[in-house]
Amino acid sequence: MSAPRLGRGALLVLTAISLAGCAVTPAGSAWPSIDPSGLQVVVVSTSTWTGAATVLVALEEADGRPVVPPAQVSIRLVGPNGTPTIEIQGDSVRPLGGRRDLIRASADLPFAGRWELTVRAVDRSAKTILLVRDPAGVPVRGDKAPSVATPTAVEVRYDLTRLTADPHPNPDFYRWSVADALAAHVPFALVLDSAGFRETPACGAALSTLHRLAGEAPSVAIIHAEPYATRIEADRLALDPPSGPARLAPWSEAWGLASDGHGTASIPWVFVVDASGRVRATFQGIIGSEEVGLALGEVAGGQLNGGVASTGAPSWTG
């Protein structure tokens with residue numbers, strides 16, 4: 001395990017919903033016992049990193065039926081080896097495109113490893129394990145987004161087969177480069193994934209998620225880039241070199257995927273960036289649409305579900 005990143009931020013106050021303060025309390029202080037009626041807490045967040053973290057969980061009955069969470073719940077996080085102990089308040093939220101209410105809370109998690117997470121909802125409690133990972137050089141919440149010129153449709157005269165191995169590409173995903181979106185202060189989600197070059201079992205999953213969510217937050221640009229180095233071979237997009245092994249593209253390296261063990265085996269990645277150019281969420285591997293939808297809504301600036309698209313978006317003329 002890599003050395004933990006310490007103290008990367010205080011408790012975050014999220015855009016739309018104000019969360020109560022975060023307190024570190026002595027181990028062994030009073031806390032409700034687990035309710036024997038079978039309440040379960042399910043971790044929805046697939047990528048929780050050290051530092052300023054947002055945790056998304058769901059409540060279920062023992063038979064899997066969803067439980068509508070109260071307006072606020074209490075959450076206790078106990079770190080690896082029993083320290084530290086953090087108590088925070090979570091709020092009920094409905095992510096973009098979601099069909100159930102979830103609980104969202106934020107805390108500064110100083111250590112990677114297995115954290116014990118307990119949720120108290122009124123007079124019931126449930127416990128689970130939250131796996132916290134070390135980002136090891138990849139930008140996470142609060143970091144400045146790296147500016148890099150990802151490929152755009154205009155550069156290939158709108159022939160998307162020269163940009164992506166996605167058999168059904170969304171043209172809107174290739175309007176902006178990362179550098180242009182940052183310069184224009186446009187919030188965006190960068191998707192480093194490949195639907196055609198499936199170098200890992202998870203390849204294509206993140207791109208599919210963004211296809212489903214496209215349009216839910218029209219003020220947020222979706223930027224897709226093949227994560228691997230490619231070239232045109234026999235008039236088709238191919239890996240460079242075509243025989244492999246896959247090498248990371250320059251934009252993947254610029255976003256830290258080649259540092260500290262993050263390489264081709266870690267694809268896919270999704271980074272959600274706000275209008276100020278700060279990363280608000282980082283996801284890796286198999287991700288859920290609920291957590292990505294929540295992050296998109298957080299940076300959308302109130303323009304959701306059919307709102308007006310961002311002023312200054314490059315026009316599609318192909």
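**Figure 1. Asp235 in the loop between β13 and β14 of the predicted model**. At 65% relative accessibility, Asp235 counts as exposed, since the threshold for that class is over 50%. Asp235 is situated in the loop that connects β13 (230-233) to β14 (236-239). Its phi is positive, near 65°, although the residue is not a glycine. Most residues other than glycine have a negative phi.

**Figure 2. His185 in the loop between α1 and β11**. His185, also a residue other than glycine, adopts a positive phi of about 60°. The loop that holds His185 runs between α1 and β11. With a relative accessibility of 55%, His185 is classed as exposed. Helix α1 (residues 178-183) has the highest mean pLDDT among the elements of the protein chain, at 98.

**Figure 3. Two cis peptide bonds that precede proline**. The bond from Thr83 to Pro84 is cis, and its omega is near -5°. Pro84 belongs to the loop between β6 (72-78) and β7 (85-93). Ile267 and Pro268 are likewise joined by a cis peptide bond, with omega about 10°. Pro268 is located in the loop between α3 and β15. Most peptide bonds are trans.

**Figure 4. The four-stranded open sheet**. The strands follow the order β12-β11-β15-β16, and their pairing is mixed. Strands β12 (221-225) and β16 (279-284) occupy the edges; each has a single partner strand, so one side of each lacks a neighbour in the sheet. On average, and with direction ignored, neighbouring strands are turned by 15° against each other. Strands β15 (residues 269-273) and β16 run antiparallel and are joined by five bridges. Val273 has Val279 of β16 as its bridge partner. Helix α2 (residues 205-213) packs on the sheet and touches β11 (188-192), β12 and β15; the direction of α2 makes about 150° with that of β11. Helix α4 (residues 289-299) also packs on the sheet, in contact with β11, β15 and β16. The direction of α4 makes about 165° with that of β16.

**Figure 5. The buried face of helix α2**. Ala206, Leu207, Thr209, Leu210 and Leu213 are the buried residues of this helix. Viewed down the axis of α2, these residues fall within an arc of 155°, so they line one face of the helix. In an α-helix, residues three or four places apart point the same way, because there are 3.6 residues a turn. The buried residues of α2 pack against β11, β12, β15 and α4. Gly215 follows α2 and has a positive phi, near 100°.

**Figure 6. Helix α4 and the glycine that follows**. Helix α4 is mostly covered, with nine of its 11 residues buried. The buried residues include three glutamates, Glu290, Glu291 and Glu298. Also buried in α4 are Val292, Gly293, Leu294, Ala295, Leu296 and Val299. Just after the helix, Gly301 takes a positive phi of about 65°.

**Figure 7. An aromatic cluster of Trp49, Trp255, Trp269 and Phe271**. The structure holds three aromatic pairs. Trp255 and Phe271 form a tilted pair, with 4.7 Å from centre to centre and 45° between the planes. This pair links distant parts of the chain: Trp255 lies in the loop between α3 (250-254) and β15, Phe271 lies in strand β15, and the two are 16 residues apart. Both residues are buried. The ring centres of Trp269 and Phe271 are 5.8 Å apart and the planes stand at 5°, so this pair is stacked. Trp269 is buried, as is Phe271.

**Figure 8. The surroundings of Thr48 in strand β3**. Thr48 lies in β3 (residues 48-49). Its relative accessibility is 2%, and Thr48 therefore counts as buried. Beyond residues up to four places away in sequence, Thr48 touches Ala53, Val55, Leu109, Leu130, Leu131, Val132 and Arg133.

**Figure 9. Prediction confidence along the chain**. The protein chain averages a pLDDT of 83, and 82% of the residues score at least 70. Among the elements, strand β1 (residues 23-24) has the lowest mean pLDDT, 42. Over residues 1-33 the pLDDT is below 50, and this stretch has 88 contacts in the model beyond near neighbours in sequence. Residues 306-318 also stay under 50; for them the model has 23 contacts beyond four places in sequence.

Terms used: Residues numbered from 1 in each chain as written. Predicted model: local features only at pLDDT ≥ 70, side-chain atom pairs only at ≥ 80, totals over all residues. Heavy atoms only, no water. Pairing = 2+ DSSP bridges. Axes fitted to C-alpha atoms, helices over the stretch in contact; angles between N-to-C directions. Contact = heavy atoms within 4.5 Å. Phe/Tyr/Trp six-rings, centres within 6.5 Å; stacked < 30°, edge-to-face > 60°. Buried < 20%, exposed > 50% of the residue type's maximum accessible area, 1.4 Å probe, protein only. Arc of directions from axis to C-beta. pLDDT = per-residue confidence, 0-100.
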